[in-house]
Amino acid sequence: MKIAVIGATGHLGGAVTREALDRGHRVTGLGSAQVDVADVASIRNAVADHDAVVVAVQGPDRLVPRAAAALLEAGLDRLVFLGGGGSLEYAPGQRYIDSPDFPPEYLEIARDHAEALEIFRGAKSPVRWSYVSPPPVYLVPGEKTGKYRAEARDTPITDDKGECRITVGDYASAVIDAVERDSFIRERFTVAGGSTY
Ligand SMILES: NC(=O)c1ccc[n+]([C@@H]2O[C@H](COP(=O)([O-])OP(=O)(O)OC[C@H]3O[C@@H](n4cnc5c(N)ncnc54)[C@H](OP(=O)(O)O)[C@@H]3O)[C@@H](O)[C@H]2O)c1
């Protein structure tokens with residue numbers, strides 16, 4: 001497949017790019033020097049003729065929700081958007097970002113991600129989007145183990161010890177699996193993995 005990765009110069013976008021290249025896809029890696037993910041015309045120019053677009057960006061001034069709105073308006077076919085885990089729920093209707101224990105240093109970006117999710121869910125757009133939530137806390141450094149679960153749900157996936165974590169390698173793998181399988185269309189999905197899953 002021909003896949004564009006916006007945010008390929010970043011931590012997670014770089015991991016997704018490597019995973020896609022390892023699987024033999026043709027990948028166009030883009031950073032902020034090549035595209036402005038909050039600008040509809042810029043997106044259209046940068047990703048024309050790609051089968052799928054993966055987005056892994058963050059930035060000031062509510063970049064994440066502005067990007068979500070622009071990507072929907074750009075009229076892409078297939079979009080996988082790397083989101084946040086703070087909008088997952090620890091109890092019915094109780095999101096991690098609304099808990100007093102949520103780390104204050106991550107609150108702003110986590111709220112931006114929650115807003116982006118609402119934008120996707122509220123959109124009447126032909127774009128076949130997926131929004132990926134990592135575990136609320138433990139997206140950890142590490143290689144691909146090949147053992148992970150991905151499910152469309154609003155609560156974290158936990159193992160039999162109640163833990164929820166995934167390595168960056170498995171996270172990148174889950175993203176490219178969703179692209180290849182064309183799965184989780186217009187859904188938020190979340191992932192967790194490791195030897196106990
Ligand atoms: N890392 C984690 O553990 C973690 C956990 C949960 C959620 N997330 C979320 O996952 C996403 C990716 O995280 P990350 O850690 O990989 O971020 P990162 O390393 O900070 O990379 C951010 C990327 O965004 C690009 N970017 C910034 N402004 C842009 C613009 N206007 N147009 C196009 N690209 C732009 C940057 O490009 P340049 O470098 O070229 O400027 C860079 O490639 C973020 O939304 C983050 O909040 C990350």
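Histidine 50 is found in the loop that runs between helix H2, residues 40-47, and strand E3, residues 52-55, and in this predicted model that loop is a convenient place to begin. With a relative accessibility of 16%, histidine 50 counts as buried, because buried means under 20% relative accessible area. Its side chain makes a polar contact with the side chain of threonine 28, at 2.7 Å, and the side chain of histidine 50 also reaches the backbone oxygen of alanine 48, at 3.1 Å.

In the loop between H2 and E3 lies aspartate 49 as well, and here the reader may ask whether aspartate 49 counts as buried or exposed. Aspartate 49 counts as exposed, because its relative accessibility is 69% and the exposed class begins over 50%. The backbone of aspartate 49 also deserves attention, since this residue has a positive phi of about 70° although it is not a glycine. Most residues other than glycine have a negative phi.

A positive phi is also found at aspartate 182, where the angle is about 55° although this residue, too, is not a glycine. Aspartate 182 lies in the loop between helix H5, residues 168-181, and strand E11, residues 187-193, and at 35% relative accessibility aspartate 182 counts as partly exposed.

We turn next to a strand. Arginine 26 is found in strand E2, which covers residues 26-30, and with 56% relative accessibility arginine 26 counts as exposed. Although arginine 26 and alanine 4 are 22 residues apart in sequence, their C-alpha atoms are 8.5 Å apart in space.

The last part of the tour is the ligand, which sits in the largest pocket. How many residues surround the ligand? There are 21 of them, and the closest are Thr9, Leu12, Ser32, Val57 and His113. Sorted by class, this shell has eleven nonpolar, nine polar and one charged residues, and both helix H1, residues 11-22, and helix H4, residues 107-122, supply at least two residues of the shell each.

Some of the pairs of atoms between protein and ligand can be followed one by one. A polar backbone atom of histidine 11 is 2.9 Å from an oxygen atom of the ligand, while a backbone N or O atom of valine 35 lies 3.1 Å from a nitrogen atom of the ligand. At glutamine 58 the partner is a polar side-chain atom, which lies 2.8 Å from an oxygen atom of the ligand. Taken alone, the ligand exposes 910 Å², and the protein buries 73% of that area.

Conventions
Residues are numbered from 1 along each chain as its sequence is written. This is a predicted model: local features need pLDDT of at least 70, side-chain atom pairs count only at pLDDT 80 or more; totals for chains, interfaces and linings use all residues. Side-chain values use heavy atoms; hydrogens and water are left out. A residue is near a molecule or strand if one of its heavy atoms lies within 4 Å of it. A polar contact is a pair of N or O atoms within 3.5 Å; within protein, one must be able to donate a hydrogen and the other to accept it, and residues adjacent in sequence count only if both atoms are side-chain atoms. Accessible areas come from the Shrake-Rupley method with a 1.4 Å probe; for residues, only the protein chains shown count as cover. On a 1 Å grid over the protein atoms alone, a cavity is a set of points where a 1.4 Å probe fits but cannot get out, and a pocket is an open set with protein on both sides within 12 Å along at least five of seven lines; lining residues have an atom within 4 Å of a point. A molecule sits in a cavity or pocket if more than half of its atoms lie within 2 Å of its grid points. Helices (H or I, at least four residues) and strands (E, at least two) are DSSP runs, numbered from the N terminus. Ala, Val, Leu, Ile, Met, Phe, Trp, Tyr, Cys and Pro count as nonpolar, Asp, Glu, Lys and Arg as charged, and the others, Gly among them, as polar. Buried means under 20% relative accessible area, exposed over 50%, partly exposed in between (1.4 Å probe, protein chains only).
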